[in-house]
Amino acid sequence: TKEFVQATEEFQKVKARLDEIKTSVNGVKKGMDETRIAGIKVPQGIVKAFVALQFLQYFMQLFNILDDTTKQFVKLRGEIERATGAGGDELDNYTTKVAAISKTFGKENDEVLKAANSLTKQLTGDFNESLQLIEKGFLAGADRSGDFLQQIEEYPAFFRDAKLSGEQFISLISQSVDQGVF
């Protein structure tokens, strides 16, 4: 979902913030050394307390981001379980794949889940195969028009009736986008 993507982006920001904190701490240490040289004695306890507070702030931010990311992942896992009936390792695998496809191709988790579920129920009969086909379609440029996932939701029954495979369906969408048909 959008929240999952935002949480991942926030995690990257926290990593960048840690680098800033390290730079800041090194600057404070250097400043403290220079202050001692100037004849002002700064107790080591103050320096250590400042450093500890900076790291505490970082770890609190990191924990909040990890907590948000975990909540989003648990929510996605529940949605996939309801849609597919999968459990255990199979459910974990599906959840990871949906999240990876969503993040990689800039789509919402629920969009990918709905498309994969539709493709599974109406054409392939296998959720894992549907996810693989969706990934192949993205890699083949089937989303250049921006409606690849919507097409997957709308048209698989027609292809089933024509006795075409999921692979042929995705291939046809990709070719249609290339030729400007869809």
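**Exercise 1.** In this predicted model, find which residues touch the most other members of the largest nonpolar core.

*Solution.* The core to examine has 28 residues. Within it, Ile134, Phe148 and Ile152 touch the most other members. Next, look at where the core residues come from. At least two residues each are supplied by helix 2 (44-84), helix 3 (88-105), helix 4 (109-124), helix 5 (127-139), helix 6 (148-154) and helix 8 (166-179). Helix 4 contributes the most, six residues.

**Exercise 2.** List the residues in contact with Ile134, leaving aside its neighbours within four places in sequence.

*Solution.* Contact means heavy atoms within 4.5 Å. With that cut-off, the partners of Ile134 are Ile101, Val112, Ala115, Ala116, Leu119, Phe148, Leu149 and Ile152. A separate core of five residues lies apart from the largest one; Val14, Leu18, Tyr58 and Leu62 are among its members.

**Exercise 3.** Compare the span of helix 3 with the span expected at 1.5 Å a residue, then work out why its buried residues lie on the same side.

*Solution.* Helix 3 has 18 residues, and from its first C-alpha to its last it reaches 26 Å. The expected value is 26 Å, so the two are close. Now mark the buried residues of helix 3: Leu91, Tyr94, Thr95, Val98, Ala99, Ile101 and Ser102. They share one side of helix 3 because they cover an arc of only 160° around the axis. On the other side of helix 3, Asp89 and Thr104 are exposed. Finally, step past the end: just after helix 3, Gly106 has a positive phi of about 70°.

Conventions
Residues numbered from 1 in each chain as written. Predicted model: local features only at pLDDT ≥ 70, side-chain atom pairs only at ≥ 80, totals over all residues. Heavy atoms only, no water. Core = buried A, V, L, I, M, F, W, Y, C linked by side-chain atoms within 4.5 Å. Buried < 20%, exposed > 50% of the residue type's maximum accessible area, 1.4 Å probe, protein only. Helix = DSSP H or I, 4+ residues; strand = E, 2+ residues; numbered from the N terminus. Arc of directions from axis to C-beta.
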